[in-house]
Amino acid sequence: MSKFDLTNAGFGTRSIHAGQEPDKLHGALATPIYQTSTFCFETVEQGSAIFSGEIPGYAYSRGGNPTVNALEEKIAALECGEACIATSSGMGAVGGVVLGTLATGDHAICGKCVYGCTDVVFRQTLAKLGIEVTYVDTNDLKAVEAAIKENTKLIYFETLTNPNMELTDIAAISKIAHEHGAIVAVDNTFTPPPQVYPLKEGADLVLHSCTKYINGHGDVIAGAIVGRAELIGPIKKNVTSKICGTTPSPFNSYLILRGLQTMELRMARHCENGLAVAKYLESVPYVKKVYYPGLESHPQHEVAKRMMHGNYGGIMSFELKEEVNGMDGFTACKKVVNALKLASIAVSLGDPETLIQHPASMTHANMSPEARAEAGIKDDLIRLSVGLENVEDIIADFEQAFAVL
Ligand code: LCS
């Protein structure tokens, strides 16, 4: 815990100092990697008291580890939440939220477009557990209210949907949910702070694939859930730590702690590059549509201006016109993507490198064609995660790629 009061400190200060203090043994400034599975007790009595929670201390790294706990404290501070559970993947966080908040006989509402594996959890896993799910366009507030039932416990959606880039007004949904006694969980992977703060907007739980912007260096798979201690405690105790065992390793936690120290700088560059590339793509005559919340053409641009604080992120999707120089738009698009030299064809996002991928055959391939159609995921949509390279080079790469058409 920092000596400086971080309560009202800026994002950059919190991302550097929250959860970190010089190591008590040797004064190491960087958080040490406690690479151990178990912890020794001095006496049986001390071990029993740590296990029962009578005194603080560590017993076994699945339940708690100083490096992992430092990460949890930092992510909680960044999302302005009371408590955090770090998980070994973003899907670990999705699983923790749904298994921790829903039980057989409950009803949940899920945004109609979510990450492919999340869609499978809602459509298939929850059905097996006898939990009913209604898919709703969370931009349609009347439809959300109409979908609420007596037994609705959870409203779940992504701040910006993967891959359609639709933005939801979190405050408006939270108000409706709370009037009906349901809780709101928001996957904020695409728009981490300092872009969007779902808990400040009224959500109860916020989750992340930390694999993306939170770690930011493309070398870790991890996740996190943040919220009030009364909600987070039982999820950790009953689901993520004890049952599913989705605790991240100390080494991965250390890498994320390290990555988070430069998050404000990284996000500023992602946002700056993202806006420039989105505007460039919108100006290309072959491009039919660019989906990016920072463009005036985005249907929820007004909500974006308020909720994203002028930081529109580094992710966008686009599609080419139906017919391009005698080719259908998708064939032309594949030619362009294959011709890119700086951008890599790869899933994931939020890395320093610019990444480009085809959702229908990659990130959302495990959904049925019907589920993709229901979610509005088009077969010819391409998703781009703009990296931290110099933006002139990213645009020059696209210029030379479009020149092959
Ligand atoms: N939530 C969102 C919004 C995601 O985009 C992903 C992964 C997850 C949760 C799951 O996180 P993971 O377990 O992979 O850490 N999205 C990916 C994507 O769009 N490309 O590769 C993975």
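**View 1. Met362 and its accessibility in the predicted model.** Met362 is partly exposed in this predicted model, its relative accessible area being 35%. The residue sits in a loop that runs between strand S13 (355-357) and helix H14 (369-375). Together with Ile345 and Val347, Met362 makes a nonpolar surface patch of about 250 Å². Because patches take residues with over 30% relative accessible area, a value of 35% lets Met362 count in this respect.

**View 2. The residues around the ligand.** The ligand is surrounded by 18 residues. Asp187, Ser209, Thr211, Lys212 and Arg383 are the closest of them. Sorted by class, the shell holds six nonpolar, eight polar and four charged residues.

**View 3. Polar atoms facing the ligand.** Two side chains and one backbone are shown here with the ligand. Thr211 places a polar side-chain atom 2.6 Å from an oxygen atom of the ligand. In the side chain of Arg383, an N or O atom is 2.7 Å from an oxygen atom of the ligand. Ser348 takes part through its backbone, where an N or O atom lies 2.9 Å from a nitrogen atom of the ligand. On its own the ligand has 480 Å² of accessible area, and the protein covers 93% of that.

**View 4. The backbone at Ser348.** Ser348 is not a glycine, yet its phi is positive, at about 75°. Its place is in the loop between strand S12 (344-345) and S13. The backbone of Ser348 also supplies the N or O atom that lies 2.9 Å from a ligand nitrogen.

**View 5. The loop between S4 and H7.** Two backbone features fall in the loop between strand S4 (152-158) and helix H7 (170-179), at Pro163 and at Met165. Asn162 and Pro163 are joined by a cis peptide bond with omega of about 10°. Met165, a residue other than glycine, has a positive phi near 65°. With a relative accessible area of 0%, Met165 is buried, because buried means under 20%.

**View 6. The cis bond at Pro194.** Between Pro193 and Pro194 the peptide bond is cis, and omega is near 10°. Pro194 belongs to the loop between strand S5 (183-187) and helix H8 (198-201).

**View 7. Thr101 in helix H4.** Thr101 is part of helix H4, which covers residues 90-101. Its relative accessible area of 17% is under the 20% limit, so Thr101 is buried. The side chain of Thr101 reaches back to the backbone oxygen of Val97, at 2.7 Å. Gly245 is 144 residues from Thr101 in sequence, and the two C-alpha atoms are 17 Å apart in space.

Note on methods: Residues are numbered from 1 along each chain as its sequence is written. This is a predicted model: local features need pLDDT of at least 70, side-chain atom pairs count only at pLDDT 80 or more; totals for chains, interfaces and linings use all residues. Side-chain values use heavy atoms; hydrogens and water are left out. Patches are made of residues with over 30% relative accessible area and no salt bridge: like charges are joined within 9 Å, nonpolar side chains (Val, Leu, Ile, Met, Phe, Trp, Tyr) within 5 Å. Accessible areas come from the Shrake-Rupley method with a 1.4 Å probe; for residues, only the protein chains shown count as cover. A salt bridge is a side-chain nitrogen of Lys or Arg within 4 Å of a carboxyl oxygen of Asp or Glu. Helices (H or I, at least four residues) and strands (E, at least two) are DSSP runs, numbered from the N terminus. Buried means under 20% relative accessible area, exposed over 50%, partly exposed in between (1.4 Å probe, protein chains only). A residue is near a molecule or strand if one of its heavy atoms lies within 4 Å of it. A polar contact is a pair of N or O atoms within 3.5 Å; within protein, one must be able to donate a hydrogen and the other to accept it, and residues adjacent in sequence count only if both atoms are side-chain atoms. Ala, Val, Leu, Ile, Met, Phe, Trp, Tyr, Cys and Pro count as nonpolar, Asp, Glu, Lys and Arg as charged, and the others, Gly among them, as polar.
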